[in-house]
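This report concerns salt bridges and the surroundings of the residues that form them. The sequence and the structure are shown first.

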Amino acid sequence: AANTLDDYEEGVVDTENLTFSTSGTATTQANYRELRYTKVGSAVTLTGNIFIGSVSSQNGFLKIPLPFANGTGEKNRTAGSVANLQSNTPTLLKVDSGQSFAGLITSSGFATVTVSANHTYVINLCYNTDA
């Protein structure tokens, strides 16, 4: 009984209008803006791809919304892989403790990725909630 699944959920995260950590916005294309998630217990998996249609005044990293806040405490810092089909920049999503978004950054030095229109980002992220 202790190992029964009593907390399972599936859904989508709409990424139509995204923001950057300091200022600026990015808009995704209609057919490429929903990320799928599955939550089993406290484990959340987020997958899919987004196609950036336009970018305005990027300042900071692109924020990808999460369906549930990341767990608190340093044990919950995590990162997931991202493939950019138009660039060879090694990229990942970094999620800090307690955050409700993931930051798109380079895997080399955790620097800000310059997001461009007409770029596709394929996302695979697993993280844990406190629930």
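In this predicted model, D7 has a relative accessible area of 26% and is therefore partly exposed. Its side chain forms a salt bridge with that of K39, with an N to O distance of 2.6 Å. The two residues lie in distant parts of the chain, 32 residues apart: D7 belongs to the segment before strand 1 (8-14), and K39 belongs to strand 4 (residues 34-40). K39 has a relative accessible area of 3%, which lies under 20%, so K39 counts as buried. This salt bridge thus joins a partly exposed residue, D7, to a buried one, K39.

K39 is also among the residues touched by T129. T129 is located in the segment after strand 10 (119-128). With a relative accessible area of 9%, T129 is under the 20% limit and is therefore buried. Leaving aside residues up to four places away in sequence, the contacts of T129 are K39, S42, V44, F68, A69, N70 and G71.

A further group of charged residues consists of R77, K94 and D96, which a network of salt bridges links together. The side chains of R77 and D96 meet at 3.0 Å, N to O. This pair connects distant parts of the chain, 19 residues apart. R77 sits in the loop between strand 6 (62-65) and strand 7 (78-84), while D96 sits in the loop between strand 8 (91-95) and strand 9 (101-106). The side chain of D96 also meets that of K94 in a salt bridge, at 3.5 Å, N to O.

As to accessibility, R77 is partly exposed at 42%, and D96 is partly exposed at 29%. K94, at 22%, is partly exposed as well, because its value falls between the limits of 20% and 50%.

The salt bridges described here are listed below with their distances.

| Salt bridge | Distance, N to O |
|---|---|
| D7 and K39 | 2.6 Å |
| R77 and D96 | 3.0 Å |
| K94 and D96 | 3.5 Å |

The total count for the model is 4 salt bridges, among them the pairs in the table. In summary, D7 is paired with K39, whereas R77, K94 and D96 are joined in a network.

Note on methods
Residues numbered from 1 in each chain as written. Predicted model: local features only at pLDDT ≥ 70, side-chain atom pairs only at ≥ 80, totals over all residues. Heavy atoms only, no water. Helix = DSSP H or I, 4+ residues; strand = E, 2+ residues; numbered from the N terminus. Buried < 20%, exposed > 50% of the residue type's maximum accessible area, 1.4 Å probe, protein only. Contact = heavy atoms within 4.5 Å.
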